[in-house]
Amino acid sequence: MQLYCQSLTQYKRLPTLEVKVGDLLIGNFHPIRIQTMTTTDTMNTQATVEQSIRCIEAGAELVRITAPNKTEAENLLPIKQELRRRGYTTPLVADIHFTPNAAEVAARIVEKVRVNPGNYVDKKKFELLEYTDAEYQEEIDRIRERFTPLVKICKEYGTAMRIGTNHGSLSDRIMSRYGDTPMGMVESAMEFLRIAEDLHYRNIVLSMKASNPQVMVQAYRLLVQTMQQELGHAYPLHLGVTEAGDGEDGRIKSAVGIGTLLEDGVGDTIRVSLTEDPEFELPVCRDLVKRYTRRVSHPAIEPLDENRLPYSPFAYKRRETVAVDNIGGKQVPVVVADLSHLHTITPKDLQPIGYTYDEPTDKWNIGDAAADYLFTGDKVLHFALPGTLKVIVQYHTWLEAADKEKYFPWMDIAGYLAARQHDRLATINFVAANADDFGRESFSAFLEQLQENVVPVIYSNSIHAMATVRRAIAGMMEKRITQPVMLLCNSTHNNAEEDLIHHATETGALLLDGFGDGLWLKAQPDLTIAHQPAAVTEPAGLINNIAFGILQATRSRISKTEYISCPSCGRTLFDLQETTARIRAVTNHLKGVKIAIMGCIVNGPGEMADADFGYVGSGVGKITLYRGKEVVKRGLNSDVAVDELINLIRDNGMWVDTK
């Protein structure tokens with residue numbers, strides 16, 4: 001076992017134990033299963049049955065239902081009976097927080113129970129406590145005493161279990177010893193897993209969820225490594241980015257987190273947590289999973305010495321680079337917009353990529369998500385460029401361009417070596433480098449002759465492209481080459497949904513490992529755009545939004561407000577979709593502010609982890625507002641809560657009036 005996966009260069013699924021959930025098998029190289037969770041009131045049997053059926057018919061292989069107390073756990077029986085009566089045999093999962101007695105009831109009814117180790121026994125008060133080793137062991141003994149009955153029931157009834165750790169709901173005890181860290185998440189799960197192992201119960205799936213994909217990925221990697229080292233085997237993994245949000249942002253954040261792990265063969269079942277009706281989560285799951293159905297036959301990639309990696313996959317550190325103008329160094333990654341497919345380019349064509357031209361005043365308005373570079377192919381623009389926008393053109397076009405301060409050449413490796421020999425280079429030179437050729441003479445010659453004014457634009461045509469590009473960049477690090485690198489990702493998909501998944505997974509995985517000083521995403525000219533905001537009407541705008549969304553999700557470059565909103569469930573105390581839309585409408589101009597919107601206290605101050613402000617349901621029609629994890633206003637009526645949230649943001653100096 002190397003690190004956290006079978007190989008960093010060859011696609012292989014991680015070997016795990018086999019878990020039986022009803023008639024469904026998870027792990028042990030079985031297909032990656034997709035699932036979702038109902039949002040109805042569990043006591044409303046008919047509504048829960050109907051929504052479960054919609055989810056099953058949309059492709060769900062497991063359906064999770066909340067059971068926050070014993071009464072609702074008991075009502076899982078009529079729900080299950082009605083589904084079975086109507087011919088649906090999909091396994092059901094009971095979602096448990098805080099209430100062991102509800103878990104013990106549910107384990108006798110449904111095929112799987114999910115428990116959160118952070119709040120199954122521990123009561124979280126956000127207190128920093130000091131524990132001696134003896135006192136810490138007493139707490140573990142208390143967990144064993146309370147958790148053992150559930151394990152025994154699961155063994156007796158053949159019920160599976162998910163030990164589901166969430167970043168934001170780590171217990172005060174774990175926080176006191178490990179802090180708010182991925183390692184703390186791992187230890188939280190391992191405490192429960194050790195008890196189950198001692199009781200010879202292995203029908204377990206584990207998860208390490210966080211709203212921050214960087215934390216989530218590191219936690220899963222550490223969990224695999226810990227299980228292998230301590231137990232000698234790994235349990236199946238349920239992947240998900242919790243509170244991902246809705247729309248494009250929620251899909252990007254989910255694809256970045258889940259896709260990064262799937263790329264390395266890690267993950268046995270997935271759930272995409274969107275603040276939308278649950279059946280809309282399943283198509284996103286399918287698009288993620290189907291990427292790996294034929295992955296095993298990819299071209300060979302030169303192996304990495306996994307005992308001497310030039311980077312750590314367990315702790316984020318951006319690759320150190322020199323700066324080439326505004327690329328690399330300590331600067332945020334840049335974005336390239338590709339308009340080379342247009343026959344002619346006018347000022348209006350720049351509007352979707354963040355530049356709006358006002359003809360009467362002859363001025364440009366530049367948005368927060370405005371591309372830094374424009375690729376026009378062989379076209380020189382016949383109008384003045386806005387702000388700091390620069391243009392990349394084919395090398396032969398650059399030679400003829402009059403403005404050498406705004407225009408820069410694009411060439412392949414052979415073209416660069418020839419231009420270098422004749423000393424005909426610009427102050428910035430973009431060189432396309434195919435990572436598939438890493439280790440070959442041409443690529444080696446390119447690396448040996450890199451000048452300080454060159455930005456390698458690395459891409460791969462392999463089906464296993466992310467690993468191929470990662471190997472090439474790691475190779476540069478091994479040679480101590482510090483030139484910044486642009487990530488070029490080309491999609492062959494002709495619909496926006498798959499295109500988003502492709503770009504977010506391929507480049508997001510690299511950015512999470514600290515690789516990449518710029519994004520250049522390419523889409524098909526005939527890209528079909530559906531279910532997108534009215535402002536996004538053509539590929540360039542969509543791709544630009546996706547690029548900035550990926551940078552935001554990976555915390556590489558912040559260009560907009562971030563929303564951490566739970567996907568809703570039967571515990572939710574208000575209409576999450578409507579409320580999220582209302583809050584987004586009045587706060588979406590607050591660049592860099594993180595706002596959490598949580599349906600109930602279970603997904604309250606803990607789950608919103610690193611949010612600046614929280615809007616949390618605390619009763620029917622009642623809202624509690626948080627600043628970080630601190631309660632600021634409690635029990636507000638929902639009709640005034642959004643205005644009070646704005647006042648809270650204003651009082652903390654983070655409000656900006658719209659123009």
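Which residues form one aromatic cluster together with Tyr 416? They are Phe 438, Phe 443 and Phe 446. The model is predicted, and this briefing covers its aromatic pairs, the charges placed over a ring, and the second largest pocket. The count of aromatic pairs comes to 17.

**Aromatic pairs around Tyr 120**

- A pair of aromatic rings is described by two quantities, the distance of the centres and the angle of the planes.
- Among the 17 aromatic pairs is that of Tyr 120 and Phe 147, with 6.1 Å from centre to centre and 85 degrees between the planes, an edge-to-face arrangement.
- Tyr 120 belongs to the loop between strand 6 (112-115) and helix 5 (133-157), whereas Phe 147 belongs to helix 5 itself, so this pair ties together parts that are 27 residues apart in sequence.
- Tyr 120 has a relative accessibility of 1% and counts as buried, because the cut-off for that class is under 20%.
- Phe 147, at 0% relative accessibility, likewise counts as buried.
- Tyr 120 also pairs with Phe 192: the ring centres are 6.3 Å apart and the planes stand at 80 degrees, so this pair is edge-to-face, given that angles over 60 degrees fall in that class.
- Phe 192 is part of helix 7 (residues 182-198) and Tyr 120 is part of the loop between strand 6 and helix 5, so the contact ties together parts that are 72 residues apart in sequence.
- Both Tyr 120 and Phe 192 are buried.

**Charges over the ring of Tyr 136**

- Arg 177 places its charged end over the ring of Tyr 136, at 4.0 Å from the ring centre.
- Arg 173 lies over the face of Tyr 136 as well, with a distance of 5.3 Å to the ring centre.

**The second largest pocket**

- Rolling a probe the size of a water molecule over the atoms shows where empty space is left.
- The second largest pocket holds about 690 Å³ of space.
- Its lining consists of 29 residues, of which Arg 291, Thr 492, His 493, His 502 and Glu 506 are the closest to the centre of the pocket.
- Two or more lining residues come from each of strand 20 (454-459), helix 14 (465-478), strand 21 (486-490) and helix 15 (496-512).
- Helix 15 makes the greatest contribution to the lining of this pocket, with 6 residues.
- By residue class, the lining of the second largest pocket comprises 11 nonpolar, 10 polar and 8 charged residues.

Technical notes: Residues are numbered from 1 along each chain as its sequence is written. This is a predicted model: local features need pLDDT of at least 70, side-chain atom pairs count only at pLDDT 80 or more; totals for chains, interfaces and linings use all residues. Side-chain values use heavy atoms; hydrogens and water are left out. Rings of Phe, Tyr and Trp (its six-membered ring) pair if their centres lie within 6.5 Å; planes under 30 degrees apart count as stacked, over 60 as edge-to-face and the rest as tilted. Helices (H or I, at least four residues) and strands (E, at least two) are DSSP runs, numbered from the N terminus. Buried means under 20% relative accessible area, exposed over 50%, partly exposed in between (1.4 Å probe, protein chains only). A charge sits over a ring if NZ of Lys or CZ of Arg is within 6 Å of the ring centre and within 35 degrees of the ring normal. On a 1 Å grid over the protein atoms alone, a cavity is a set of points where a 1.4 Å probe fits but cannot get out, and a pocket is an open set with protein on both sides within 12 Å along at least five of seven lines; lining residues have an atom within 4 Å of a point. Grid points are joined across faces, edges and corners, and a volume is the space filled by probe spheres set on the points. Ala, Val, Leu, Ile, Met, Phe, Trp, Tyr, Cys and Pro count as nonpolar, Asp, Glu, Lys and Arg as charged, and the others, Gly among them, as polar.
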